[in-house]
Amino acid sequence: MPRVDVVGAKDTLQAIPGSATVLDHNTLRESRVFDVPEALRKVPGVNVRGEEGFGLRPNISIRGLNPTRSTKVTLLEDGIPLAYAPYGDNASYYHPPIERYDRIEVLKGVRQLFFGPQTISGVINYITPVPSEHFSGFLSLAGGTRDFLDTKLRIGGRGVLLDYTHKQGDGARENLATDLDDINVKWVFALSDTQAITLRANMFTENSTVTYSGLTQAEFDKLGPRYNPFKNDRFDIERYGASVTHEFEFARAMRLLTNFYYSYFDRDWWRQSSTTTDGQCGPQFTADRLAGVRVDPDLCNSRQGRLRSYHTGGVEPR
């Protein structure tokens, strides 16, 4: 089964230069973790600041480094870069749901230098499940208040695995909502006794109403912590990815593993205000917010777009 391990089996932890932690399948399942930040908080030295409640943009800090957008951490999936611009803009505005993964490896120390340029804090490698040769699957549904719905479907057999996750729900403040779909397909097959191929393809979409603006002190005091006037803000993501992993085993202790990968990421964030009191909506609008007066966001004509698209690809032999 071709796969790039950052840490590998538990019995190799003592031989790794630096420190490493593995959150295995049983730990994730028995803990019933809701999102990636909840899972990573189980790792010593890792702190995660949440943002929207679903773990879609985790701010990960390892050993006290700046957590903003996880820019000091290299995020991998099956050993393949997960970020849309790992050698440039490493900011994490996209993160798959925790349901996609079977285990998580966290590496800190000297050995992390193997895995890219943004490893000053550490490396996190998310491992997807290995497809079964026997037909199996499951379906789970969960619901709750504030329009919460969590749907998970996994089905596979003969080396093929299909994962589908749908999540939706309202945020912790007014005029916030999240709606996402994640599809992941993985196919493993042998070419011979010494060669194997893994094919992966995934699609992720998110359509959310997410603001960039917080509350003034007066708004918090007079209108409450859930108040949010910017109902017209939008955050939309599309990401498509594919990869091929080829493994050639020369001898018992020697193998060549080559990854070919490509992803397209498109992010549109339309917002009426970039900070809490930047005056983008005019002086009277800002004055009312500073006074704690409930405002009408439709009176604000400003709606600026932070629109970004990335094509990321690579070939990596090991």
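These legends describe close-up views of cavities, pockets and paired strands in a predicted model.

**View 1. The largest cavity and the residues around its centre.** A search of the whole structure turns up 3 cavities of 30 Å³ or more. The largest cavity holds about 190 Å³. Its lining counts 17 residues. Nearest the centre of this cavity lie E77, I80, P81, N202 and R239. By class, the lining splits into 7 nonpolar, 6 polar and 4 charged residues.

**View 2. Strands that line the largest cavity.** Four strands are shown here: β5 (80-81), β12 (195-208), β13 (234-251) and β14 (254-271). Each of them supplies at least two residues of the lining of the largest cavity. The largest share comes from β13, with 4 residues. I80 and P81, the residues of β5, are among those that lie nearest the centre of the cavity.

**View 3. The second largest cavity.** About 50 Å³ of space lies in this cavity. Its lining consists of F230, Q272, S273, T276, T277, D278, G279, Q280, C281, F285, T286 and R289. These residues divide into 3 nonpolar, 7 polar and 2 charged. D278 and R289 are the charged pair in the lining. The nonpolar residues are F230, C281 and F285.

**View 4. The largest pocket.** The space in this pocket comes to about 580 Å³. Its lining has 18 residues, and L28, R29, R32, V33 and E99 lie nearest the centre. Three elements each supply at least two lining residues: the helix α1 (25-31) and the strands β8 (136-144) and β9 (148-157). The largest share of this lining, 4 residues, comes from β8. Nonpolar and charged residues number 8 each, and 2 residues are polar.

**View 5. The second largest pocket.** This pocket has a volume of about 400 Å³. Its lining has 22 residues. E51, E52, R173, V210 and T211 lie nearest the centre of this pocket. The strands β10 (160-170) and β11 (177-190) each supply at least two residues of the lining. By class, the lining residues divide into 6 nonpolar, 10 polar and 6 charged.

**View 6. The hairpin of β10 and β11.** Both strands also contribute to the lining of the second largest pocket. β10 and β11 pair in the antiparallel sense over 11 bridges. Within this pairing, Y164 stands opposite I183 in β11. The hairpin leaves 6 residues between the two strands. In the turn, N175 has a positive phi of about 60°. R173, also between the strands, is one of the residues nearest the centre of the second largest pocket.

**View 7. From β11 on to β12.** A hairpin of 4 residues joins β11 to β12. The pairing of these two strands is antiparallel and runs over 11 bridges. L180 has E206 in β12 as its bridge partner. β11 thus takes part in two antiparallel pairings, with β10 and with β12. β12 also supplies at least two residues of the lining of the largest cavity, and N202 of this strand is among the residues nearest the centre of that cavity.

Technical notes
Residues are numbered from 1 along each chain as its sequence is written. This is a predicted model: local features need pLDDT of at least 70, side-chain atom pairs count only at pLDDT 80 or more; totals for chains, interfaces and linings use all residues. Side-chain values use heavy atoms; hydrogens and water are left out. On a 1 Å grid over the protein atoms alone, a cavity is a set of points where a 1.4 Å probe fits but cannot get out, and a pocket is an open set with protein on both sides within 12 Å along at least five of seven lines; lining residues have an atom within 4 Å of a point. Grid points are joined across faces, edges and corners, and a volume is the space filled by probe spheres set on the points. Two strands pair if DSSP finds at least two bridges between them.
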